[in-house]
Amino acid sequence: MGVWPKIPNDSRHFWTREQLIEYGAYPVALNRWRKGDEWWLPLYQGRAIHHFDHRFNSVGFNPDNLHNPYTNERVTDEQHADPRFYSRTQYWVRIESVLQKFPEQPGYAIGFRDIARTTDERTMIASVVPWAGYANNLPILVRNGNEAADTFVDVATLWAANFCSFAFDFTARSKVQGTHMNLYILQQLPVITRAAYDRRFGDTTAADLVRDHVLRLCYTAWDLEPFALAQGNDGEPFGWDVEQRRHLRARLDALYFILYGLDRDDAAYVMDSFPITRRNDQRDHNGRYLTKDLILAYMSALAAGDTQTVVAVTA
């Protein structure tokens with residue numbers, strides 16, 4: 001009878017809250033734990049994030065569920081509004097374990113969900129995520145040692161926005177055949193080139209517009225301060241304003257439809273291929289597909305060189 005090969009497994013590095021308490025560690029700022037000179041960082045899983053949101057779900061514990069006692073608990077708008085609220089994680093890892101794997105990490109990364117189904121509302125789900133440990137269901141993009149630090153700073157926000165766009169998601173659905181967004185699939189998908197972001201819309205470039213909007217959408221808690229500082233912002237996290245976020249995301253989606261070379265009719269066709277988004281909008285907005293209407297309106301605004309006006313979609 002053969003012997004199974006030894007498979008590397010990092011789970012031995014995972015610490016639960018109970019284990020940390022028993023060890024004598026104590027919780028400190030930024031969802032970290034400490035015992036003297038020893039530090040632990042949170043372990044981020046794919047379910048923790050959503051588009052432009054690294055605090056989408058907390059991990060809850062239900063001992064009555066023998067199959068899967070750890071459950072998702074949606075972070076509320078009230079919790080999101082607190083920049084010192086950090087979603088609960090299942091595990092923490094020693095800071096040395098993270099440094100060994102990511103010695104060049106600049107304090108943040110671009111993470112995306114490995115679990116990706118074409119039957120869900122969205123297939124590609126990504127966000128800027130804080131410096132932490134990352135589970136295998138949350139692949140990340142970080143700076144490598146052969147790359148200048150300012151190169152990653154330059155492209156990180158562009159990647160995050162590109163991955164979150166409906167235009168990109170539309171192409172991703174043509175490639176994902178199972179339930180995983182593998183890295184080799186991501187590498188096959190059409191990403192907007194860096195040069196394309198030099199295109200001007202009124203008084204700004206596409207790159208500057210994206211950086212501004214991604215910063216406002218992602219920097220909502222203090223654990224992403226390194227990301228904000230890298231983007232030249234030393235202020236406090238931005239407030240969690242649901243309506244403002246809706247418009248920022250719609251303007252970004254409109255921008256990416258334009259950068260991909262799609263007109264309003266093409267964009268309308270793509271948006272109609274997301275039936276769950278349409279159904280949720282119609283449920284919440286008196287039968288109206290608001291996301292689609294906002295994106296099309298912002299496409300017109302951008303075509304006119306207007307990157308500032310908040311559109312008012314009327315019936």
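This briefing covers cysteine pairing and salt bridges in one structure. The model is predicted: local features need pLDDT of at least 70, side-chain atom pairs count only at pLDDT 80 or more, and totals for chains, interfaces and linings use all residues. Residues are numbered from 1 along each chain as its sequence is written, and side-chain values use heavy atoms, with hydrogens and water left out. The disulfide count is zero. The salt-bridge count over the whole structure is 13.

**Cysteines**

- A disulfide is a covalent bond between the sulfur atoms of two cysteines.
- The test applied here is a pair of cysteine sulfur atoms within 2.5 Å; the count by that rule is zero.
- C164 has its closest cysteine sulfur in C218, at 7.1 Å, which is too far for a bond.
- Seen from the other side, C218 is in no disulfide, and its nearest cysteine sulfur is that of C164.
- C164 is buried at 2% relative accessible area (buried means under 20%, exposed over 50%, partly exposed in between, with a 1.4 Å probe and protein chains only).
- C218 is also buried, with a relative accessibility of 1%.

**Salt bridges within helices**

- Side chains of opposite charge can pair when their charged atoms come close.
- A salt bridge here needs a side-chain nitrogen of Lys or Arg within 4 Å of a carboxyl oxygen of Asp or Glu.
- D208 and R211 form one such bridge, with an N to O distance of 3.2 Å.
- Both residues sit in helix α7 (residues 206-218), three residues apart, so about one helical turn separates them (helices are DSSP runs of H or I, at least four residues, and strands are runs of E, at least two, numbered from the N terminus).
- D208 is partly exposed at 42%, whereas R211 is buried at 18%.
- E243 and R246 form another bridge, at 3.3 Å from N to O.
- This pair lies in helix α9 (residues 242-259), again three residues apart, about one turn of the helix.
- E243 is partly exposed at 41% relative accessible area, and R246 is partly exposed at 25%.

**A bridge between R283 and D284, and a network**

- The side chains of R283 and D284 meet in a salt bridge, 2.8 Å from N to O.
- R283 is exposed, with 59% relative accessibility; D284 is partly exposed, with 47%.
- Elsewhere, D154, R194, D198, D208 and R211 are joined into one network by salt bridges that share partners.
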